[in-house]
Structures are given as structure tokens and as C-alpha cells.
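I set out to look up how the aromatic rings pair and how the nonpolar residues pack. My entries follow.

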Amino acid sequence: MSFLRSFLLLCAVSLSAALILLAAGFVMGNRDGYRGGYAALSVDVSVEDKTVLERLEAGSGYFGGSPVSASSQWVALDDFGSMETVSLDNLFSRITTFDPRNDGYAEKLKDFFIQDGKRFIFIPLKTGYSGSSGLDKQFVSLMGGIPFSVDYYGIGKPYKLFFITYAAASFILLIICYVKKNVRAATAGIISLLPGFSSFAFFGAQGIACAAMLLGLFIILREPLNELLTKLVSGEGEGRAGKIKKTIEQYKLYWYSLPVFGAAVTFIVIFSELKLFFVISAFFAAAAVSFFSDRVLSQSVERHRRFTPVLIVKRKFPDFDFSVYMAPFAAAVLFVMILAPHTSAAVVSGGKFASLIEEKDYYAHLDFQASFSTRQLGMMETSYPGFIIDKDGLPSPDINGGINSTVLIENFPPFPLKHLMDFLSGVNSGSRIGTGGAEGEIGEYLSMLILLIFIIPGILLMGKLNFSPKGSFSGLKRASGKLRWADKNRKNTLLLKGKNLMNLRKDA
């Protein structure tokens with residue numbers, strides 16, 4: 001197969017795997033990790049609520065849900081025999097302010113949506129937006145000549161920043177591979193994994209950190225995995241069990257890196273929104289693409305049999321130059337951690353909201369309305385006394401309590417403003433939305449720390465480990481990825497006269 005055809009086939013397989021992983025990342029990425037986002041649209045109180053909602057209906061496709069306004073709220077009302085729900089707009093035409101059934105919950109709702117002469121409407125936003133300029137134009141078009149103002153709060157994840165940063169790190173990796181091609185030519189095949197690992201960008205800083213860890217792992221295990229899989233699919237020579245055992249023994253220290261990197265990835269998954277199933281799927285997809293790239297590129301010359309090189313020298317230690325290849329992605333993680341919290345897509349504005357309604361206010365309202373018929377007028381907490389039949393057969397007051405009807409929560413909808421109130425509580429506290437999801441900054445700092453633990457020692461040790469003096473080639477020493485003779489006078493002895501000749505392995 002020609003090199004061009006091999007290259008195109010490899011690109012097709014790599015991009016196909018990338019598309020599958022991108023789709024999985026889009027589905028599994030917790031896009032609600034930013035708790036959504038809201039646009040707080042305010043108009044003059046003289047503008048009817050329903051008028052604004054009619055205008056906004058035309059742009060519903062740009063929003064992440066139905067607008068939340070005073071006219072969309074309802075309250076419960078005891079109708080002396082049954083419980084009914086009444087819209088907030090119609091409530092005060094049913095009862096007066098001095099009606100004993102008016103428990104104050106309706107006023108709380110009204111005071112929240114109408115403040116300082118302005119009517120507020122809260123519009124859920126899609127989490128895919130990374131800026132507000134497009135939404136500004138949309139609101140101007142929808143509102144027409146109605147004066148308004150709008151503030152945005154936590155629009156969503158800055159996906160553009162995540163993917164652009166990952167792409168920049170990948171480009172730097174390409175440059176590193178080109179510069180180091182004479183030192184580690186086989187590492188160029190790791191480039192085929194970059195499209196698939198881009199799916200981790202859906203998960204922010206922690207996702208990019210996880211992609212860096214998997215990339216480093218594949219750089220270490222690429223040779224042993226390739227040789228192991230090659231022996232498994234080959235039907236020639238000794239038995240399959242013997243081949244597996246020999247490969248495992250040869251790369252003993254290489255395999256130790258698997259649980260080490262696996263533990264690091266597990267820590268990142270625990271403290272982030274990454275899904276373990278997604279990480280495992282990405283690992284096996286990358287393994288398949290890596291093996292396929294070796295198989296295809298080994299046939300890049302027509303009319304030649306497949307040539308898979310096997311090491312002559314048994315390496316005692318894994319290469320530590322994986323740290324250099326991981327470094328661009330560590331820089332990308334740091335860049336995202338610094339910049340993302342200051343983008344319009346990730347920051348919670350410094351604005352404050354008054355008169356927030358708590359969930360307990362809602363259930364206290366339901367309980368009051370459900371038990372209103374058994375309460376003494378003018379007494380919010382006291383029920384009419386109950387009676388029991390005493391031992392003497394006569395009715396006696398129930399000393400254990402009165403008739404106190406408690407509402408069954410499952411019979412009523414959950415607190416309808418819970419999502420909005422939880423979100424605005426975060427706004428009032430001044431908290432920022434973490435770039436990696438609900439776990440926030442802790443997961444980001446931990447991911448960065450794990451990367452540094454792998455990168456800094458690797459860079460310091462790179463090129464400084466010698467082969468064991470007990471090995472078959474004690475006269476060889478590693479220097480900058482190359483093998484040189486430590487003693488030229490022993491060259492003939494090692495290659496021709498030495499007893500170590502049997503330790504040489506043929507190239508397959």
C-alpha cells in the first residue's frame with residue numbers, strides 16, 4: 001500500500017474515532033454543571049408582563065427554557081372543601097389583602113418580580129453560548145421599541161476556549177514531534193490520537209488534564225502494546241502464551257506505569273464531572289487507533305511485507321521524554337484555569353438580588369392552605385382542639401395536639417423556583433462557576449498538581465537513566481535517546497567474541 005493511501009486510511013480511522021468520542025463527550029458532558037444560566041431582563045413596571053412574554057416567544061429557539069415571570073407563577077388556595085391553584089395575576093381578584101387565607105406568599109412572589117419600579121423576567125439560557133453579543137442583538141430585535149436592560153449570569157461553559165486551547169497544545173505537540181523525530185521517530189504515530197482526545201475538551205480543564213495523562217501513558221506503552229498485539233495476531237513461531245509472557249517480562253517496568261497513570265486518571269475523574277465510562281471508552285478507542293496506525297504505516301511501501309521492528313536491547317527503564325509531550329497540555333490546563341473564570345461564559349456577575357424566596361416558604365404556604373379550615377381565625381399556628389373518646393366513654397380534649405392537617409408533598413409540584421433561586425443564591429454569594437463543572441476549582445487545582453507530579457520529575461530524569469550494569473549490554477549507555485559505546489576497545493568483544501551474543505534478538 002502506498003504511503004498516501006496509508007496516510008489517508010489512517011486519517012479516516014482517526015477522524016471516525018474522534019467523531020464518535022466527540023458525540024459521546026457532548027452527550028456525557030454535564031452541561032448543567034454550570035447550573036445553566038439566566039438573562040435578567042428588566043422593563044418598566046408599566047409594561048405588561050404578558051406583552052414582554054409574547055415578544056420573547058418569537059425567540060424561544062435561542063433560549064434554554066421558558067421565561068420565568070410573575071405571570072407564570074401560581075399559589076395554592078383553600079376553597080373551603082378543596083385545594084385549588086390560582087395564577088398570581090388572578091389571585092388578588094379572588095381574595096383581598098385582609099383575607100385570612102392570604103398567608104403572605106403571594107406578596108413575596110410579587111416583591112421578587114417587581115422591584116424599584118422595574119419588572120424582572122428571568123430567561124434560561126443555553127449553556128453553549130460563550131458570549132453575550134449575539135444575545136444582545138437578539139433581545140433588541142425581539143423587544144422592538146420597548147426600553148429594556150439585560151444582565152447575564154453564568155451563560156455557560158466557554159467551549160470555544162476549551163477547544164481552541166486544546167488545538168493550540170496539539171499544534172505545539174506537532175512541533176515537538178517534528179523537532180524530536182530523529183530521537184523518537186515512533187512517537188510521530190501518537191499524533192493520530194490527538195483528534196480523539198479532543199473530546200475531553202467538553203469537560204474543561206480537568207478534561208484536558210485527563211487527555212494529557214492518557215497521551216503520556218500511550219507514549220510509554222506504545223512499543224510494548226504494539227509488540228504484544230502484534231504477537232497476539234501472529235500465528236507464527238512459539239505459542240501465544242509464551243509470546244505474551246516474554247513481552248510482559250521484557251517490558252516489566254513499562255507495565256508498572258499503567259496502574260500509576262490509572263490512579264492519576266481516577267483521581268481526576270473523582271474530582272470532576274468526567275464519566276468513568278467515557279474515559280475507559282476513550283482509552284480503548286485510542287489503543288485501537290494506535291495499533292491500527294502501526295499496522296497501516298508499516299505497509300506504506302508497496303510490494304513489501306509488513307516490517308515490525310523489535311528491540312535488540314531490552315530497555316530497563318521506560319523513557320521519561322513523555323513529560324515533554326505532556327507539557328503543552330499542562331500549559332493549556334493552566335491557561336484555561338486562569339482565563340476561563342474571567343470570560344462571560346463562566347463568571348457569575350457581581351450583581352445582587354433581593355427578596356429571594358426560599359423553598360421552605362413554598363412548603364409553609366402549602367401547609368397553611370391545606371390546614372386552613374382547621375385553624376383558628378387570627379392564629380397562624382394554632383389549630384382547633386381535637387377530641388378523643390376517653391375511658392369513661394365521654395369526649396375529652398386531645399392533649400397530644402389538635403387537628404393539624406399536614407400537606408402531603410408528593411401531591412403537589414416541587415418548588416417551581418428552586419433552580420432559579422439556587423442560582424441567584426450563588427450570584428449573591430459572589431461565587432464563580434468552575435470551568436470543569438460542579439466540582440469547581442478543587443478539581444482544577446488537583447488536576448494541575450497531578451500533571452506537575454508527572455511532568456517535572458520526568459523532565460529532570462529524562463536522559464539521565466543508564467541501563468542496568470547487570471544487563472546484557474553493560475557497555476552501552478543512554479545519552480539523549482541514543483546508544484553509544486562506553487568503551488570502543490570492547491566493541492569487538494561484545495559483538496563477536498562475547499557470550500552475550502545469544503542475548504541479541506532478531507528484528508522481526
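I searched the whole structure for aromatic pairs and found 25. I paired rings of Phe, Tyr and Trp (its six-membered ring) if their centres lay within 6.5 Å, with planes under 30 degrees apart counted as stacked, over 60 as edge-to-face and the rest as tilted. The model is predicted: local features need pLDDT of at least 70 and side-chain atom pairs pLDDT 80 or more, while totals for chains, interfaces and linings use all residues. Residues are numbered from 1 along each chain as its sequence is written, and side-chain values use heavy atoms, without hydrogens and water.

I examined Tyr159 and Phe162, an edge-to-face pair at 6.4 Å centre to centre and 90° between the planes. Both lie in helix H6, three residues apart, about one turn of the helix; helices are DSSP runs (H or I, at least four residues), numbered from the N terminus. Phe162 is buried at 0% relative accessible area (buried is under 20%, with a 1.4 Å probe and protein chains only). Tyr159, at 12%, also counts as buried.

I noted a second edge-to-face pair, Tyr362 and Tyr363, at 5.0 Å and 70°. I also recorded one aromatic cluster, formed by Phe197, Phe200, Phe203, Phe218, Phe278, Phe283 and Phe284.

I then turned to the largest nonpolar core (buried Ala, Val, Leu, Ile, Met, Phe, Trp, Tyr and Cys joined through side-chain atoms within 4.5 Å). Among its 64 residues, Phe197, Phe200, Met213, Leu274, Phe329 and Leu451 touch the most other members. Helix H8 supplies the largest share of this core, 15 residues.

Note on methods
Buried means under 20% relative accessible area, exposed over 50%, partly exposed in between (1.4 Å probe, protein chains only). Helices (H or I, at least four residues) and strands (E, at least two) are DSSP runs, numbered from the N terminus.
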